[in-house]
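This report goes through selected features of one protein chain. Salt bridges come first, followed by surface and pocket features and a few residue positions.

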Amino acid sequence: TYLAQYRWTPLGSTVLKFSGYRDLRTYTDISASYILVQGYSSGMSWAPTYKTVLQLDLAYEDWHYRGDPGIVPNVGPQRHDTIRTARLTAGYTPVPPLRLDVAYEYGRRTSNAPLSGYVYNEIEGEARVTF
């Protein structure tokens with residue numbers, strides 16, 4: 001497994017980040033007991049004012065389902081999924097302990113397993129108080 005990350009701040013209000021990784025994740029299913037995940041991501045954030053921030057994150061992952069638990073005989077190829085996501089977040093801090101975020105995420109999963117691929121759109125809101 002590995003994780004390589006690079007964070008660059010070309011300007012005081014702009015941050016660019018890049019990462020690449022290979023990891024094992026637990027997964028309990030009749031066809032696999034863990035997933036080998038390989039992927040990369042990039043993102044940028046920009047704070048036009050002290051109280052506001054805009055952030056864009058992109059990610060690509062390959063999921064290889066491994067570790068046959070032996071429950072069902074494996075007669076076909078091992079499952080492989082590809083996941084792509086794009087997320088846009090806007091944040092506002094009206095007073096320092098309170099932060100408000102709204103985000104939109106688009107995701108697409110393709111798979112060699114029947115009926116396992118999908119596309120989704122998500123809108124999310126969050127209010128966070130930090131002590």
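## Salt bridges around D81

A salt bridge here is a side-chain nitrogen of Lys or Arg within 4 Å of a carboxyl oxygen of Asp or Glu. The model is a predicted one, and a search of the whole structure finds nine such pairs. Side chains of opposite charge can pair when their charged atoms come close.

D81 takes part in two of these contacts: with R79, at 2.9 Å from N to O, and with R109, at 3.1 Å from N to O. D81 lies in strand β5 (residues 80-95) and R109 in strand β6 (residues 98-111), so this pair ties together parts that are 28 residues apart in sequence. R79 and D81 are both buried. The relative accessible area of D81 is 0%. R109 has 13% relative accessibility and is counted as buried because the limit for that class is under 20%.

## Other salt bridges

R128 and E126 form a further salt bridge, in which the closest N and O atoms are 2.5 Å apart. Are these two residues buried, partly exposed or exposed? R128 is partly exposed, at 41% relative accessibility, and E126 is also partly exposed, at 31%. The pair around D81 differs in setting, since D81 is buried.

Salt bridges also link R87, E105, E122 and E124 into a network.

## Nonpolar surface patch

Which residues make the nonpolar surface patch? M44, W46, L54, L56, L58 and L88 form it, and its area is about 510 Å². Strands β3 and β4 each contribute at least two residues to the patch. The strand that gives the most is β4, with three residues.

L56 is one of the patch residues and is placed in strand β4. L56 has a relative accessible area of 35% and is therefore partly exposed. That value is over the 30% required of a patch residue, so L56 meets the accessibility condition.

## Second largest pocket

The second largest pocket has a volume of about 190 Å³. Its lining consists of Q5, Y6, R7, K17, F18, S19, S41, S42, G43, D57, L58 and A59. The elements that give two or more residues to this lining are β1 (2-11), β2 (14-26), β3 (34-46) and β4 (52-66).

How do the lining residues divide by type? Four are nonpolar, five are polar and three are charged. L58 belongs to this lining and also appears in the nonpolar surface patch.

## Backbone at L115

L115 has a phi near 60 degrees, a positive value in a residue other than glycine. L115 is located in the loop between β6 and β7 (118-129). With 88% relative accessibility, L115 counts as exposed, because that class begins over 50%.

## Positions in strands β3 and β6

S45 is found in strand β3. It is a buried residue, with a relative accessible area of 18%. Between S45 and E122, the C-alpha atoms are 20 Å apart in space, and the two residues are 77 apart in sequence. E122 is also a member of the salt-bridge network described above.

R108 and R109 both belong to strand β6. R108 is partly exposed, at 37% relative accessibility, whereas R109 is buried, at 13%. Each has a C-alpha separation to report. R109 and T85 are 8.8 Å apart in space, C-alpha to C-alpha, and 24 residues apart in sequence. R108 and Q5 are 103 residues apart along the chain, and 24 Å separates their C-alpha atoms. Q5 is one of the residues lining the second largest pocket, while R109 is the salt-bridge partner of D81.

Notes: Residues are numbered from 1 along each chain as its sequence is written. This is a predicted model: local features need pLDDT of at least 70, side-chain atom pairs count only at pLDDT 80 or more; totals for chains, interfaces and linings use all residues. Side-chain values use heavy atoms; hydrogens and water are left out. On a 1 Å grid over the protein atoms alone, a cavity is a set of points where a 1.4 Å probe fits but cannot get out, and a pocket is an open set with protein on both sides within 12 Å along at least five of seven lines; lining residues have an atom within 4 Å of a point. Grid points are joined across faces, edges and corners, and a volume is the space filled by probe spheres set on the points. Helices (H or I, at least four residues) and strands (E, at least two) are DSSP runs, numbered from the N terminus. Ala, Val, Leu, Ile, Met, Phe, Trp, Tyr, Cys and Pro count as nonpolar, Asp, Glu, Lys and Arg as charged, and the others, Gly among them, as polar. Patches are made of residues with over 30% relative accessible area and no salt bridge: like charges are joined within 9 Å, nonpolar side chains (Val, Leu, Ile, Met, Phe, Trp, Tyr) within 5 Å. Accessible areas come from the Shrake-Rupley method with a 1.4 Å probe; for residues, only the protein chains shown count as cover. Buried means under 20% relative accessible area, exposed over 50%, partly exposed in between (1.4 Å probe, protein chains only).
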